[in-house]
Amino acid sequence: MTGAIHNIAGNFHVPTPENEPVNDYRPGSPEAESLALEIKRIGGTTASIPLSIGGEVFETADTQPVVSPHDHARVLGQLSKADPSHVRTAIDSALAARHDWSRRPWWDRVSVFLRAAELVTGKYRDEINAATMLNQSKTYHQAEIDGACELADLLRFNAHWAEGIYANQPKSTQGENNYLDQRGLEGFVLAVTPFNFTNIAGNLPATAAMMGNTVVWKPAEKSALSTDVVRRIFDEAGLPPGVINTVHGDGKLVSDIALADPNLAGLAFTGSTQVFRQLWKKVASHIDDYKTYPRLVGETGGKNAVVAHVSADPQALITGLTRGAFEFQGQKCSAASRAYIPRSLWNKIKEPLAAQIDSLVVGDVAEHRTFLGAVIDETAHDRLTGAIDKAKSLDSHTLIAGGTTNKETGYFVRPTVFETTDPTAFTLTTEFFGPLLTVFVYEDNDWIETLKVADKTSPYGLTASVYATDRTAINQALDVLRDASGYVAINDKPAGMSIGKQQFAGSRASGTNDKIGSPLALQRWVSGRFVKENLNPDTDYRYPYLGA
Ligand code: NAD
């Protein structure tokens, strides 16, 4: 047995985490100049994006280009695609690394990720932000809050929550010691991550690994340049070989093999509802083959509502809708995509809202004036173009702002707002994952009825916003919308949670609600074993009641 090093006589306290301060990137500021240089450097090269299995980093013959969505002729990298043999080797490497990794002291494991957080916010801050800007088309601000700040926050807060989980021990009494042994799961964890957040991509494998698991990680191919920076940071931080094995390529190919393996111990997924359901069904079809019941954690789609009361502050609502629906092109799971606004308020805000939205600059994210970059790829562009064209053709929809798309240089979709008279319209029920907001205007007196409609209209339950100054109305909204979301903002946009303060995840068709960046999420990746040590064992089988 190697690696079970208990060579420190003392416990370790994780530093109390603080949210990483967000840089402003004002034009001309030192941080903006430094990041601009890095954008130039990364944008001018075509990186190799390799597989990393059992500590071996290598390219494959089968590659796929990774491009910049706002300039799709620019090939940022060539991703090496895994074939079935790579997936099997990745599973074997994870299983081989499990014994030692799961027996390391927890502080030894979390220290790797605390070091990674320092690299994210220090040495690699520009690189991870530049990659996130170029690869996912995020602005300076959006890249900074995702790539640098939230990833570091997740790593630091999770290390802190991990300490709390291990500290939570049962009562011992005189003559009897009791322990709770929080074991990593028996087997390996498959982490399948989405394109839209660099931090989610890094966090899913890291969370499972922190708690003593070993992982096969399938990052989204569309954002592989950014996730490769994360992979290199974990390596530089000292992650042992085999703990996180990165296999790029076809999600179905990778998951078909990994989910059929009897050693599957868990699935950590973030992405669309449709794919998660497919993966869940696949797990169900193999249930007789597994050595243990796999833990299934999935954070999926959303159709997040902003519900405004007649007492709402009009300017706060305009700002919340603009930021909530259109930052990062509406490609946040938590983005606002439907709004319910009373007629008198709508009459006040319709024109200024439309004017503001039509003034937003869509373009190259390296330019400071840009508010929206491009959507992630041609499929997304065409999906949004189709939805906008269909809405334009319906009598029930009126175009309020935007409504045009263009994919010549980049996959651009103007921020678009429709007003609809149909409370069951497809634009109020379907997730399009882009800069498309639909407003249903209700009569001022129909507040409670409208809350009920907002609750029942979509199958999702991720985030919501309530705009009101009347406290009775706020309380009514919190009550009627109780099951409608896993996060609700009052007088704020539904997107933009902060680790340690508000955690994200939702229920209904939005996922298993395991609250990423919280103790709950870590708890899913341990399997407890209680140990009782009797310090004074009985030596006579007879109990007093026997009268002996
Ligand atoms: P996606 O479902 O297309 O892809 C997610 C991952 O699954 C990727 O790694 C992809 O390669 C893989 N994949 C795709 N098809 C697969 C298949 N058939 N079998 C196995 N794996 C497959 O999602 P996306 O486009 O990357 O991300 C957008 C979606 O993610 C949106 O629906 C959004 O709401 C959701 N999302 C949710 C949260 C949340 O916390 N609830 C956070 C981020 C994104």
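Asn129 sits in helix H4, which spans residues 125–136. Bear in mind that this is a predicted model. Is Asn129 buried or exposed? With a relative accessibility of 0%, Asn129 falls under the 20% cut-off, so it counts as buried. Its side chain isn't left alone in there: a polar contact of 3.3 Å links it to the side chain of Tyr25. Tyr25 also turns up among the residues that Asn129 touches once those up to four places away in sequence are set aside, along with Leu35, Ala143, Glu144, Gly147 and Ala148.

Now for a loop residue. Leu481 is found between helix H15 (471–480) and strand E21 (487–490). Its relative accessible area is 9%, so Leu481 is buried too. Which residues does Leu481 contact, leaving aside neighbours within four places in sequence? They are Val307, Leu451, Ala454, Asp455 and Val466. As for Gly461, 20 residues away along the chain, its C-alpha atom is 9.6 Å from that of Leu481.

On to the pockets. The largest pocket has a volume of about 1000 Å³. It is lined by 43 residues, and Lys222, Phe269, Gly271, Ser272 and Val275 are the closest to its centre. Domain 1 (50–168 + 180–300 + 511–528) and domain 2 (304–490) each put at least three residues into that lining. Looking at secondary structure, helix H8 (251–259), strand E10 (264–270), helix H9 (273–285) and helix H12 (378–393) each supply at least two lining residues. H9 has the largest share, at six residues.

The second largest pocket holds about 700 Å³ of space. Of the 27 residues that line it, Ser102, Arg104, Tyr166, Asp181 and Gln182 are the closest to its centre. Two or more lining residues come from each of helix H2 (84–103), helix H3 (106–121), helix H5 (140–167), strand E6 (176–184) and strand E23 (526–534). Here a strand gives the most: E6, with six residues.

Here is how the two linings break down by class.

| Pocket | Nonpolar | Polar | Charged |
|---|---|---|---|
| Largest pocket | 17 residues | 16 residues | 10 residues |
| Second largest pocket | 11 residues | eight residues | eight residues |

So what supplies the most residues to each lining? For the largest pocket it's helix H9, and for the second largest pocket it's strand E6.

Note on methods
Residues are numbered from 1 along each chain as its sequence is written. This is a predicted model: local features need pLDDT of at least 70, side-chain atom pairs count only at pLDDT 80 or more; totals for chains, interfaces and linings use all residues. Side-chain values use heavy atoms; hydrogens and water are left out. On a 1 Å grid over the protein atoms alone, a cavity is a set of points where a 1.4 Å probe fits but cannot get out, and a pocket is an open set with protein on both sides within 12 Å along at least five of seven lines; lining residues have an atom within 4 Å of a point. Grid points are joined across faces, edges and corners, and a volume is the space filled by probe spheres set on the points. Helices (H or I, at least four residues) and strands (E, at least two) are DSSP runs, numbered from the N terminus. Ala, Val, Leu, Ile, Met, Phe, Trp, Tyr, Cys and Pro count as nonpolar, Asp, Glu, Lys and Arg as charged, and the others, Gly among them, as polar. Domain bounds come from an automatic or database domain assignment. Buried means under 20% relative accessible area, exposed over 50%, partly exposed in between (1.4 Å probe, protein chains only). A polar contact is a pair of N or O atoms within 3.5 Å; within protein, one must be able to donate a hydrogen and the other to accept it, and residues adjacent in sequence count only if both atoms are side-chain atoms. Contact means heavy atoms within 4.5 Å.
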